[in-house]
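Open the model in your viewer and keep the selection tool handy. We will go from stop to stop, with a note on what to select and what you will find there.

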Amino acid sequence: MNIEVFNGNLCSQACDAIVLGLFKNANILYGNLASIDKATDNIISKYVIEKDKFEANYNETYILQTYDKIPASKIVIVGLGEKDDLTLAKLRELSAKTIKKINKELKSKTVYFDLSTFDSTHIDQKAQMITEGAIIGEYAFDKYISKKKFSKIENFFIAEKDEDKVETIKQGIEKGKVIANALNFTRDLANEPADLITPEKLAEIAKKAEGVKTKIYEKDDIQDMGMEAFYAVSKGSAKYPKFIHMKYVPQKPKKKIALIGKGITFDAGGMDIKSAANMLTMRDDMSGAACVISIMKALKHFSPNVEVHGIVAACENMVNGNSYKPGDILRAKNGKTIEVYNTDAEGRITLADALCYACELGVDEVIDIATLTGACMVAFGTQCSGILGNNDELVDRLIKTGEEQGEHFWKLPMFEEYFDNIKSDVADMKNTGGRSGGASVAGLFLKEFVTDNVAWAHLDIAGTAFLDKPQHEFIKGATGVGVRTLFNYILEQGK
């Protein structure tokens with residue numbers, strides 16, 4: 001989809017559809033809404049509002065013909081709800097849902113989306129949200145479907161009458177394109193079948209990323225570096241593990257941040273094998289890795305003044321005669337030992353070595369993102385991710401950034417008593433402690449591999465990474481959760 005700003009008379013534009021926003025209880029029409037109403041002999045005010053009593057509730061739509069009174073074929077009136085309730089996140093969602101509706105019902109190729117309905121504050125952010133919504137709304141993982149369900153928009157214009165705002169809107173559009181494309185790339189990676197997105201394929205994608213330096217550590221390297229824990233998880237697979245380190249380094253960074261993404265490209269559960277139903281979507285167990293790789297690929301567009309390391313311990317958790325077993329004792333890179341209590345709690349074992357590696361890089365902050373615990377999914381469902389860490393300031397900043405980006409994170413407790421669940425008689429700790437407090441227990445486990453001088457936050461996206469049904473701006477499938485929060489957090493730290 002080509003997305004541009006349009007500055008001119010919207011009434012004279014030949015196109016398939018014009019999208020006009022209308023606030024609930026609006027007393028007067030203004031901007032392009034008023035101009036188009038006048039050009040169409042007051043069809044909006046007389047028929048849509050007065051006769052049909054269109055209330056303009058949030059996401060309510062009314063599609064009408066123009067009857068050749070203007071060159072546009074259709075007008076789509078979109079309800080914006082109460083003016084004080086329309087947040088930027090809701091504007092993004094509205095844009096996405098409107099695009100879905102247009103693709104499904106109108107099959108339009110050229111669409112104009114009016115900005116004049118909104119006030120002039122933060123106009124760049126509003127253009128960004130509309131852009132993000134348009135790109136997210138058009139997303140469909142349909143590459144393996146012979147007959148496509150819907151047509152797609154070719155040209156999408158964000159219309160603004162005030163010429164002085166054009167450059168600001170362009171900046172918003174460009175930022176929206178970068179973030180939404182990174183998000184959709186993350187979704188593609190997590191939606192792809194696991195026979196295609198393997199550890200080797202993730203490594204290939206990382207190596208092709210522009211603007212970063214990428215080092216891939218092979219099986220022998222992983223063993224030589226003392227990553228016994230990570231290597232053990234990979235032993236049941238015919239596909240070799242890959243330890244991926246992507247690095248973006250500006251000349252004088254204000255901060256150094258390491259992002260770690262869980263990279264289990266398929267999780268069969270190991271010897272403690274999953275049920276068939278629980279295994280079906282385990283291609284998404286590398287959603288954290290997909291998020292990190294996509295962010296690292298996108299950094300070149302903004303060149304933030306922050307040194308960023310993207311780290312992924314990529315492997316499969318499969319079953320064969322070489323598989324690691326319940327009762328095995330593994331030694332992580334920092335020397336601490338782990339009793340394997342359940343081979344299906346493998347993600348934290350791979351993250352243990354990744355955290356150790358990240359803390360040796362001299363970074364200020366380490367943030368890991370992982371589809372880690374079913375307990376987090378049970379607690380928060382698909383609407384919210386869990387977050388915890390050893391630094392309240394870092395955790396709170398990430399929560400705030402997430403809220404601004406429409407991604408909810410809820411702080412989990414890290415009481416020392418939770419560690420009692422994973423005390424071992426034969427090692428420093430067990431890799432799982434049962435169902436009680438599972439997300440917090442997993443956090444206490446990971447904390448054992450973070451050095452005290454590094455601020456660390458852990459994002460548990462087990463419930464939010466993949467949807468069984470549509471939610472907000474997303475269709476069923478991978479969501480790319482974390483991209484918006486972490487990308488914008490990095491940009492903020494570079495200011």
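Two strands count as paired if DSSP finds at least two bridges between them. Helices (H or I, at least four residues) and strands (E, at least two) are DSSP runs, numbered from the N terminus. This is a predicted model, in which local features need pLDDT of at least 70 and side-chain atom pairs count only at pLDDT 80 or more, while totals for chains, interfaces and linings use all residues. Residues are numbered from 1 along each chain as its sequence is written, and side-chain values use heavy atoms, with hydrogens and water left out.

**Stop 1: a three-stranded sheet**

Select residues 337-339, which are strand S12, together with S11: the two pair in the antiparallel sense over three bridges. Leucine 330 has isoleucine 338 of S12 as its bridge partner. Now add S16, and you have an open sheet in the order S11-S12-S16, with mixed pairing. S11 (329-331) and S16 (429-430) stand at the edges with a single partner strand each, so one side of each has no neighbour in the sheet.

**Stop 2: a six-stranded sheet**

Next, colour the open sheet of six strands, whose order is S1-S6-S5-S2-S4-S3 and whose pairing is mixed. Which strands stand at its edges? They are S1 (2-6) and S3 (61-65), each with a single partner strand, so each has one side without a neighbour in the sheet. On average, neighbouring strands here are turned by 25° against each other, direction ignored. Axes are lines fitted to C-alpha atoms, for helices over the stretch in contact, and angles run from 0 to 180 degrees between N-to-C directions.

Zoom in on S5 (residues 110-114) and S6 (residues 155-159), which run parallel and are joined by five bridges. Phenylalanine 113 has its bridge partner in S6, isoleucine 158.

Now show the helices that lie across this sheet. H2 (residues 43-51) lies across S2 (17-23), S3 and S4 (74-81), and runs at about 135° to S3. H4 (residues 123-138) lies across S1, S5 and S6, running at about 160° to S6.

**Stop 3: threonine 117**

Pick threonine 117, in the loop between S5 and H4. Is threonine 117 buried or exposed? Its relative accessible area is 4%, so it is buried (buried means under 20%, exposed over 50%, partly exposed in between, with a 1.4 Å probe and protein chains only). Leaving aside neighbours within four places in sequence, threonine 117 is in contact with Gly21, Leu22, Phe23, Tyr30 and Leu80, where contact means heavy atoms within 4.5 Å. Try a C-alpha to C-alpha distance to glycine 21: the two residues are 6.0 Å apart in space and 96 residues apart in sequence.

**Stop 4: strand S13**

Select residues 365-370, strand S13. Six of its six residues are buried, so S13 is largely enclosed by the rest of the structure. Both faces are covered, with Glu365, Ile367 and Ile369 buried on one side and Val366, Asp368 and Ala370 buried on the other.

Add the strands paired with S13. S9 (residues 256-267) runs parallel to S13 and is joined to it by five bridges; here leucine 259 stands opposite isoleucine 367. S17 (residues 455-460) is also parallel to S13, with six bridges between them, and alanine 455 in S17 is the bridge partner of glutamate 365.

**Stop 5: the largest pocket**

Switch to a surface view. The largest pocket has a volume of about 1300 Å³. Of its 41 lining residues, Lys274, Thr373, Gly374, Ala375 and Met377 are the closest to the centre. On a 1 Å grid over the protein atoms alone, a pocket is an open set of points with protein on both sides within 12 Å along at least five of seven lines, a cavity is a set where a 1.4 Å probe fits but cannot get out, and lining residues have an atom within 4 Å of a point. Grid points are joined across faces, edges and corners, and a volume is the space filled by probe spheres set on the points.

H12 (374-380) is among the elements that supply at least two lining residues, and its four residues are the largest share.

**Stop 6: the largest cavity**

Finish at the largest cavity, about 40 Å³ in volume. Its lining consists of Thr186, Ala190, Ser287, Ile461, Ala465, Thr479, Gly480 and Val481. Threonine 186 is found in H5 (residues 166-191) and is buried, with a relative accessible area of 2%.
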